[in-house]
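Biologist: I am new to this one, and I would like to learn how to read it. Could you take me through it feature by feature?

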Amino acid sequence: MQLLTMKERAQVKEEEVRRIILESFASSDLAQKLELVDTLQRIGVDYHYKKEINDLLCSIYNDEDGGSDDLYITSLRFYLLRKHGYTISV
């Protein structure tokens with residue numbers, strides 16, 4: 001019985017994170033979007049959110065004004081887009 005409760009709690013948390021990812025689409029904060037994707041990958045749960053992450057990275061890639069003066073943000077953007085197969089020039 002306890003396993004079922006844990007499974008339900010895990011599903012609730014998974015949906016909570018999915019909602020956070022979808023809310024980040026509306027945000028204009030590039031750093032927040034990139035750090036969210038990076039964090040999901042680092043903690044090893046990105047496979048649960050492949051579609052959402054791909055959609056988010058696609059929107060970042062297609063954003064004409066996606067640049068930043070911050071070297072950290074620029075390098076993180078470059079790293080994540082290249083890691084997911086997007087062609088980014090150096």
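Modeller: Gladly; we will look at the core, then the charged pairs, then a few single residues. Please keep in mind that this is a predicted model.

Biologist: Let us begin with the inside. What should I look for in a core?

Modeller: The general idea is that in soluble globular proteins, nonpolar side chains tend to be buried together. Here, the largest nonpolar core has 18 residues. Leu34, Leu57 and Ile60 have the most contacts inside it.

Biologist: Which helices each supply at least two residues of this core?

Modeller: Those are α2 (30-42), α3 (50-62) and α4 (71-83). With six residues, α2 gives the most to this core.

Biologist: And what is Leu34 in contact with, leaving aside its neighbours within four places in sequence?

Modeller: Outside that stretch, Leu34 is in contact with Ile60, Ile73, Leu76, Arg77 and Leu80.

Biologist: Where is Leu57, and what does that residue touch?

Modeller: Leu57 lies in helix α3. Its relative accessible area is 0%, so Leu57 is buried. If we do not count residues up to four places away in sequence, Leu57 touches Val37, Leu80, Leu81, His84 and Tyr86. As a distance to try on your screen, take Leu57 and Gln41: they are 16 residues apart along the chain, and their C-alpha atoms are separated by 13 Å.

Biologist: Now the charged residues. What is the general idea there?

Modeller: Side chains of opposite charge can pair when their charged atoms come close. This structure holds seven salt bridges. One of them joins the side chains of Glu15 and Arg18, at 2.9 Å from N to O.

Biologist: Why are Glu15 and Arg18 separated by about one helical turn?

Modeller: Because they are three residues apart in helix α1 (residues 2-26). You can compare their surroundings too: Glu15 is partly exposed, with a relative accessible area of 46%, whereas Arg18 counts as buried at 15%.

Biologist: With which residue in helix α3 does Arg18 pair?

Modeller: With Glu52 in helix α3, and the pair links distant parts of the chain, since Arg18 sits in helix α1, 34 residues apart from Glu52. In this salt bridge the closest N and O atoms are 2.6 Å apart. Both Glu52 and Arg18 are buried.

Biologist: Which residues are linked with Arg18 in a network of salt bridges?

Modeller: Glu14, Glu15 and Glu52 are linked with Arg18 in that network.

Biologist: May I have another pair to practise on?

Modeller: Try Asp55 and Lys51, which form a salt bridge with their closest N and O atoms 2.8 Å apart. These two are four residues apart in helix α3, so about one helical turn separates them.

Biologist: Is Lys51 buried or exposed?

Modeller: Lys51 is exposed, with a relative accessible area of 58%. Its partner Asp55 counts as partly exposed, at 33% relative accessibility.

Biologist: One last residue, please. Where is Ser24 found, and is Ser24 buried or exposed?

Modeller: Ser24 is found in helix α1. At 3% relative accessibility, Ser24 counts as buried, because the cut-off for that word is under 20%. Not counting residues up to four places away in sequence, Ser24 touches Lys33, Leu36 and Leu56.

Biologist: Thank you! I will go back to the picture and find Leu34, Leu57 and Ile60, the residues with the most contacts inside the largest nonpolar core.

Technical notes:
Residues numbered from 1 in each chain as written. Predicted model: local features only at pLDDT ≥ 70, side-chain atom pairs only at ≥ 80, totals over all residues. Heavy atoms only, no water. Core = buried A, V, L, I, M, F, W, Y, C linked by side-chain atoms within 4.5 Å. Buried < 20%, exposed > 50% of the residue type's maximum accessible area, 1.4 Å probe, protein only. Contact = heavy atoms within 4.5 Å. Salt bridge = Lys/Arg side-chain N within 4 Å of Asp/Glu carboxyl O.
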